[in-house]
Every structure is written in C-alpha cells, then in structure tokens.
Amino acid sequence: MAGRRWLVWMTAVAVLGGCGTGSGPGGDDLDQLRLQARDALTRYDEAVLAAGGAQAFVPVGELTGQLGDWEQANGDNNKQALLTGRVVPATALPALGQPTGKVVWENGTTQPVPLTSAEEALAQLRRAGAGDCSGCVPLEVTAAHLTTVRIPTTRGPAAVPAWEYTLRGTAVRLTRVAVASAGAVVVTPPAWGPEYPHGGLAIESATGSTTRRRLIVAFTGSPAPGSQPCGADYSAEAAESANAVVVIVIEHRHADGESCGDLGAPRTATAELARPLGERAVLEVQQGLPVALTITG
C-alpha cells in the first residue's frame, strides 16, 4: 500500500484504534498511538480543505464489484485478470447520457454527484489493479449500462450510480462506481511496511448516531474475555477534529507474556465523543483510512 493514493469523496471524521492507560494492543505505546491518531486527523483535515472544505459522499473500500461467480471452465484466468486490472473494451462504450446522478442513503437523504463515463470508469478499474499477470488473457467488455449499486460510506450504506459491464465468454458482470473524482478528498496514508511500523488495532466499522456522542467500533480481538487465560477486555478513547474522529482501542490483557495462538474473534469497544458525531468520518488507526459507518437514528 505504500505510496498509494486513496480517493475519498467529500466528508470527514476519523476514528482511530489505540489504547487507554499504559500500553496499547500488543504492547503499543499509548502516547505513540495518540500521536499517530493526531497525525491521521491532520492528514484528513488537510485533504478535506484541499477539496474545498465540503463534506458529502465518501465511499469506503473497493469501488469495483463482481456480480456472479467465475465459471470453472475459465480456471483462475478471469479472477487474476480482474485483480491485476487486465480488463479492456472490445467495442465502443456508451457515452454518458447525463452529467449528474444521485446518491441515496438509507434514511432518504440524497446528494447530487457528477458522473464519469463508462470508458473513464473502466480506466479507473484498470488502474486499481495490482500485481503481475502477464500470462493472463484480458477480460473483454462487450457492453455497459448505467445502474446503481449499494456500497458502504462514511455516512452509512447508500445506493450510488455505477456502470455495469458485460464480459465476453462469461456470465459474470463487473460494476464500477460512476461518481467522478472532481472535488474528491484525496488521503495519502503514511508509508507502510516492516520499516514503518504502525501500531494499534485497526477498526473495521463503526456504529453510532449523528446526534449522540456514543460510538461503537468493531475490530478483531481476543476470542476470550480478560478473565480467562489469553483473553482480553477492551475499552476506548477518542481523538477528534472538526472533520474526523479517531477512536483508540485499549486492550486489557489477562496477563502479559502468555503463550497464545493467533485465533481472533469479532469484538467491540465503546468510545464517548466530546460532541455528537454529526457527519464526520470514522478512520482506522493504522493508515488513517475511512471505515464503514452504520447510523442508528
């Protein structure tokens, strides 16, 4: 992921996983995790400012989707071709019939957004590919039409405009979010790798209300509670800015130095914010990238 630039459409909030008193998960230093959280908030705030200071549609995770499963007759070729971005048009793709579309959240809130063409969205899909598959036969797009897909965002699940692509030789179809990147918030995470360690537990999602201060974050932790060997309990604290909230997850282990397996389980922790969440985004601690948010009213 090092050096990779992440597009985030206008909105902001950051929740960062970390620790409470003493040391954090895996022995991470709490003061270092707090500094890491503040750095993530600064990067996100600067990205929002660079995009004009607006907060709106911020998708979370992959913008490319797959409808159906690859047939066995194709072996691993199609899967690898998609992963590496080897997807090419076999014919002229349809022109964009309308300049704008609409994002619709589950609570009925809507947001107009500029659209991108089928050709440009397919080019984005190719650029998102990673790895080498020089021996792969490229996937050939034979048709495309504008539709909608449901994706996670920093303001909850939403129905968004997307291009759906038909492929030659398979019933599988591909989708790519059709929202243009104009005015997007672009977050560049810190360098990643063994020489650039980033501590803390990376949260996977968050649940909360825009009008309340309580935020519940989900992550992978110990399968057992802290009262049992190799178990742990979890609490949390929050770092906040005008655009984001970072929740530091605090691990309270049964005992230090225990020899434990690598098995993990879904766990949650609760953080109390200084003010209601509002429309701020929630970010994970290790790279400061947004996570999916579920709104509870």
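Here is a quick tour of this protein, from its overall build to a few charged side chains. Keep in mind that you're looking at a predicted model. The protein has three helices and 16 strands, and buried residues make up 45% of its 297 residues.

**The big picture**

- Take the contacts in the protein with a separation of 6 or more: residues 24 or more positions apart account for 74% of them.
- On the outside, the protein exposes about 14,100 Å². Carbon and sulfur atoms supply 51% of that area.

**A three-strand sheet**

- One open sheet has three strands in the order β12-β13-β15, and its pairing is mixed.
- The edges of this sheet are β12 (232–240) and β15 (281–282), each of which pairs on one side only.
- How many bridges join β12 to β13? There are nine, and the two strands run antiparallel. Strand β13 covers residues 244–253.
- For one of the pairings, look at Y234, whose bridge partner in β13 is E251.

**R267, a buried arginine**

- You'll find R267 in strand β14, which spans residues 265–272.
- R267 is buried yet has no salt bridge. The nearest side chain of opposite charge belongs to D233, and it is 4.1 Å away. That misses the cut-off, because a salt bridge needs a side-chain nitrogen of Lys or Arg within 4 Å of a carboxyl oxygen of Asp or Glu.
- What does the side chain of R267 have beside it instead? One of its polar atoms lies 3.1 Å from the backbone oxygen of A232.
- Leaving aside neighbours within four places in sequence, R267 is in contact with a set of residues that includes V217, A218, F219 and G221. Also among them are A232, D233 and Y234, the last being the residue that has E251 as its bridge partner.

**Salt bridges**

- Side chains of opposite charge can pair when their charged atoms come close. The count for this model comes to nine salt bridges.
- R127 forms a salt bridge with E120, and their closest N and O atoms are 2.8 Å apart. R127 counts as exposed, at 58% relative accessibility, while E120 is partly exposed with a relative accessible area of 31%.
- R155 forms a salt bridge with E279, with the closest N and O atoms 3.6 Å apart. This pair links distant parts of the chain, 124 residues apart: R155 sits in the loop between β6 (139–151) and β7 (158–167), and E279 in the loop between β14 and β15.
- Is R155 buried or exposed? R155 is buried, with a relative accessible area of 16%. Its partner E279 is partly exposed, at 41%.
- E240 forms a salt bridge with R280, where the closest N and O atoms are 3.1 Å apart. E240 lies in strand β12 and R280 in the loop between β14 and β15, so this pair ties together parts that are 40 residues apart in sequence. Both E240 and R280 are buried.
- There is also a network: D31, R34 and E237 are joined into one by salt bridges that share partners.

Notes. Residues are numbered from 1 along each chain as its sequence is written. This is a predicted model: local features need pLDDT of at least 70, side-chain atom pairs count only at pLDDT 80 or more; totals for chains, interfaces and linings use all residues. Side-chain values use heavy atoms; hydrogens and water are left out. Helices (H or I, at least four residues) and strands (E, at least two) are DSSP runs, numbered from the N terminus. Buried means under 20% relative accessible area, exposed over 50%, partly exposed in between (1.4 Å probe, protein chains only). Contact means heavy atoms within 4.5 Å. Accessible areas come from the Shrake-Rupley method with a 1.4 Å probe; for residues, only the protein chains shown count as cover. Lys and Arg count as positive and Asp and Glu as negative; His and the chain ends are not counted. A polar contact is a pair of N or O atoms within 3.5 Å; within protein, one must be able to donate a hydrogen and the other to accept it, and residues adjacent in sequence count only if both atoms are side-chain atoms. Two strands pair if DSSP finds at least two bridges between them.
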